[in-house]
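Trainee: Please take me slowly through one part of this model, and then follow the chain on from there.

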Amino acid sequence: AIIMEPNGSSIPGAVDPVIQLACLDSSLAIAPLFKRFGSVIITSGTLSPIDLYPKLLQFEPCVSESFSMSTFRPCIRPLVITRGSDQLAVSTKFEDRGDMGVVRNYGAMLVELCSVIPDGVVAFFTSYSYMESLISEWDAMGILRELTKSKLVFIETKDVVETTLALDNYRRACDCGRGAVFLSVARGKVSEGINFDRHYGRYVLERSFV
């Protein structure tokens, strides 16, 4: 498959299209593992329905188990926010991404949430380029400065070492009571396999496609 992002640049006004080639056949990607190892254990919190994956990956499982998720207390309260405090729509439509009202509203909403929510807050963006462009605009608007009054700010990057260091410092800020917000990317390194349990994830803000 060919994936094209019309503007992959984080520099406002700069046009830098990005084209990616992606293999959508997962059986081709995992085939070398099955050939090299005699036993392979596949675990995930999102492999559902699990009967589908042996067919997609073209193998016969020896053992297949599914465990239901349980929480010790009702701690999840989803909220869908479509408008900012000025009643302007908050959207990730491509044509609205550069709208300064949308950019300002999303930043103001994050500042307000972080000022009243203790410990750790995690915010997910749709892509690295979009997150970088928003952070740049927030810095120019003074939103980042307001955000740091209530929490330390850590950002996921494409560099594994930098992201690991940011995660460690994020946890330390939550442990010591200072509080922190982690800006990351949906389907990125942090969103897959990292648990923001207890005080590390008091609130998760998903910048979803609408």
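Mentor: The second largest pocket (an open set of points on a 1 Å grid over the protein atoms alone, where a 1.4 Å probe fits, with protein on both sides within 12 Å along at least five of seven lines) is lined by 26 residues (those with an atom within 4 Å of a point), and I42, T43, V63, S64 and E65 lie nearest its centre. This is a predicted model, in which local features need pLDDT of at least 70 and side-chain atom pairs count only at pLDDT 80 or more, while totals for chains, interfaces and linings use all residues. Residues are numbered from 1 along each chain as its sequence is written, and side-chain values use heavy atoms, with hydrogens and water left out.

The volume of the second largest pocket, taken as the space filled by probe spheres set on the points, is about 830 Å³. Of the residues in its lining, 15 are nonpolar, nine are polar and two are charged, and the largest share, three residues, is supplied by helix α2 (residues 52-57); helices are DSSP runs of H or I with at least four residues, and strands are E runs with at least two.

As for confidence, the protein chain has an average pLDDT (on a scale from 0 to 100) of 83, and 90% of the residues score at least 70. Among the elements, strand β1 (residues 2-5) has the lowest mean, 80, whereas strand β4 (residues 152-155) has the highest, 95.

Following the chain on, we come to helix α3, which has 17 residues and reaches 25 Å from its first C-alpha to its last. Its buried residues (under 20% relative accessible area, with a 1.4 Å probe and protein chains only) are G101, V102, V103, N105, Y106, G107, M109, L110, V111, L113 and C114, and they pack against β3, α4, α5, β5 and β6.

N105, within α3 (residues 100-116), deserves a separate look: it counts as buried because its relative accessibility is 5%. Leaving aside neighbours within four places in sequence, N105 is in contact (heavy atoms within 4.5 Å) with G84, S85, D86, L88 and V90.

Helix α4, one of the elements against which the buried residues of α3 pack, has 14 residues and reaches 20 Å from its first C-alpha to its last. Y128, S129, Y130, M131, L134, I135, E137 and W138 are its buried residues, and what covers them includes β1, α3, β3, α5, β4 and β5. After α4 comes G142, whose phi is positive, near 85 degrees.

Notes:
Nonpolar A, V, L, I, M, F, W, Y, C, P; charged D, E, K, R; others polar. Buried < 20%, exposed > 50% of the residue type's maximum accessible area, 1.4 Å probe, protein only. pLDDT = per-residue confidence, 0-100. Expected span 1.5 Å × (residues − 1).
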